[in-house]
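Reader: I am new to this structure, and I would like to understand the words used for it. Could you take me through them step by step?

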Amino acid sequence: MKKIKIFLSAGEASGDLHAGELMEALAREAERLGITADFTYLGGDVMARAAGHAPLIHYRDMAYMGFSEVIRNLGKVRKNLQTAREAIKRERPDAVILVDYPSFNLRLARTARSLGIPVYYYIAPKVWAWKKWRVRQLRRYCREILSILPFEIEFFKRHGVKAIYVGNPSLSEIDSRACRLTPRATLLAKAGLPQETRFIALVPGSRHGEIRNNLPLMAEAAARFPAYTPIVAGAPGIEPGYYRRLTDLPVLEGETFSLMAHADAALVTSGTATLECALLGTPQAVCYRSGGSRLAYNIMKRILTIPFVSLPNLIAGREIVRELLLHLCTPDAMASELQRLLPGGAGRDRQLADYRQLRTILGSEDAPTNAASAIISDLNPA
């Protein structure tokens, strides 16, 4: 049987999830054509299950956030990059597929392109928001962008980058995973809470820096609602002791999805989880504290070329979830928004109605299957 070798790179938890779904779709599509798909990858446990073997580098050894954290771990970053580049040169895969994580992955794209290996970007860098100069790298190094956001296509076409909309993976993943939710009673039992407990989900991110900056503020805000117990969504790869140093609230690792689904409301650090929370139908406020100064906020507003940073708002083209960023991300502001969103709050029904519109905008396309079909067809034309 003919074999096709594919190298994938995902540098964080959300990328691992989406890449794992894509790998399964690639294997199915290749098998349909009588081809065996062989994977080498950087990623996590979801990708490991899809590949049937461990990653070359686990994303927990790659996920460094912000300039200062990258500088502190520069030696590790360089070693990871060298390891990945050497693997590409040694394996000479038929394709390199990159999933988000642009600072690292665009360097791999350059290496692959120099070797004549086609590069596909699934979940592309948000160059329409900031670091717009990266679009030149995408145009130079990538064979095709497999976009999961419908509004990206016009931007990429305007800049001469080949791109297709394959659908948004969050839709199919959420509908599939919603059938396998951890029961609410089980979550509460794992958290050591009574079965009648109503709770607020705190989702402070998947990196040490995000958690350190956001979790204490989230906890302080949620504590103002004694009828609800805050439960922290623990991220894969983050040691339990790290959370214990920041809070005494219950922390459930690997249950982010189910916690958001069963919660009465959520405080969610800006990122993919905000879209997942919206598609699950749980009211939320989007929070992101990093430094937090007004100066940093003003600089960010000048750098960004878009009116919003959260995916629900970007996709809808208007504010449907409140964005509390940097110095605006305070316990007072979070508590005020929770007051609006918890049962009986003035903004709850409006946000839930807006969530339903999001599903209509995103459509019903199966993103992993469409992306896999496009890649395999391109590599193995009839």
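Author: Gladly, and let us start with a definition: helices and strands are DSSP runs, at least four residues for a helix and at least two for a strand, numbered from the N terminus. Please keep in mind that this is a predicted model. With those terms, Y101 can be placed in the loop between β4 and α5.

Reader: What makes Y101 count as buried or exposed?

Author: Buried means under 20% relative accessible area. Y101 has 13% relative accessibility, so Y101 counts as buried. D100 is placed in the loop between β4 (95-99) and α5 (102-114) as well. At 16% relative accessibility, D100 is also under the 20% limit and therefore buried.

Reader: What is notable about phi of D100?

Author: Phi of D100 is near 50°, which is a positive value in a residue other than glycine. For Y101, phi is likewise near 50°, again positive in a residue that is not glycine.

Reader: Why is R207 said to form a salt bridge with E12?

Author: A salt bridge needs a side-chain nitrogen of Lys or Arg within 4 Å of a carboxyl oxygen of Asp or Glu. The closest N and O atoms of R207 and E12 are 2.4 Å apart, so the pair meets that condition. This pair links distant parts of the chain, 195 residues apart: R207 is in the loop between β8 (199-203) and α10 (208-222), and E12 is in the loop between β1 (2-10) and α1. Both R207 and E12 are buried.

Reader: How do you know that D378 and R143 tie together separate parts of the sequence?

Author: Their side chains meet in a salt bridge, with 2.8 Å from N to O. D378 lies in helix α18 and R143 in the loop between α6 and β6 (144-147), so the pair ties together parts that are 235 residues apart in sequence. Partly exposed covers the range between the 20% and 50% limits. D378, with a relative accessible area of 26%, is therefore partly exposed. R143 has 40%, so R143 is partly exposed too.

Reader: Where do R350 and D354 lie, and how many residues apart are they?

Author: R350 and D354 both lie in helix α17, four residues apart, which is about one turn of the helix. They form a salt bridge whose closest N and O atoms are 3.0 Å apart.

Reader: Why is R350 called exposed, and what is D354 called?

Author: Exposed means over 50% relative accessible area, and R350 has 53%, so R350 is exposed. D354 has 4%, which is under 20%, so D354 is buried. Leaving aside its neighbours within four places in sequence, D354 is in contact with R318 and I320.

Reader: How many salt bridges does the structure hold?

Author: The structure holds 14 salt bridges.

Reader: Which residues form the positive surface patch, and why can R139 belong to a patch?

Author: The positive patch is formed by R110, R136, R139 and R140. Its largest share, three residues, comes from helix α6 (residues 134-141), and R139 is found in that helix. Patch residues need over 30% relative accessible area and no salt bridge; R139 has 39% relative accessibility, so R139 meets the area condition. At that value, R139 counts as partly exposed.

Reader: What makes R244 partly exposed?

Author: The relative accessible area of R244 is 45%, between the 20% and 50% limits, so R244 is partly exposed. R244 lies in helix α11 (residues 240-244). Contact means heavy atoms within 4.5 Å, and beyond its neighbours within four places in sequence, R244 is in contact with L249 and V251.

Reader: Why is Y288 called partly exposed?

Author: Y288 is at 21% relative accessibility, which is not under 20%, so Y288 counts as partly exposed. Y288 is placed in strand β12 (residues 284-288). Y288 and L326 are 38 residues apart in sequence and 5.9 Å apart in space, C-alpha to C-alpha.

Reader: Which residues of helix α8 are buried, and what covers them?

Author: In helix α8 (residues 169-177), the buried residues are P169, S170, L171, E173 and I174. Their cover includes α1 (13-32), β5 (119-122), α12 (256-262), α13 (272-280), α17 (348-362) and α18 (367-379).

Key
Residues numbered from 1 in each chain as written. Predicted model: local features only at pLDDT ≥ 70, side-chain atom pairs only at ≥ 80, totals over all residues. Heavy atoms only, no water. Patch = residues over 30% accessible without salt bridge, like charges linked within 9 Å, V, L, I, M, F, W, Y side chains within 5 Å. Areas by Shrake-Rupley, 256 points an atom, 1.4 Å probe, with all protein chains shown as cover. Lys, Arg positive; Asp, Glu negative; His and termini not counted. Charge placed at Lys NZ, Arg CZ, Asp CG, Glu CD. Buried < 20%, exposed > 50% of the residue type's maximum accessible area, 1.4 Å probe, protein only.
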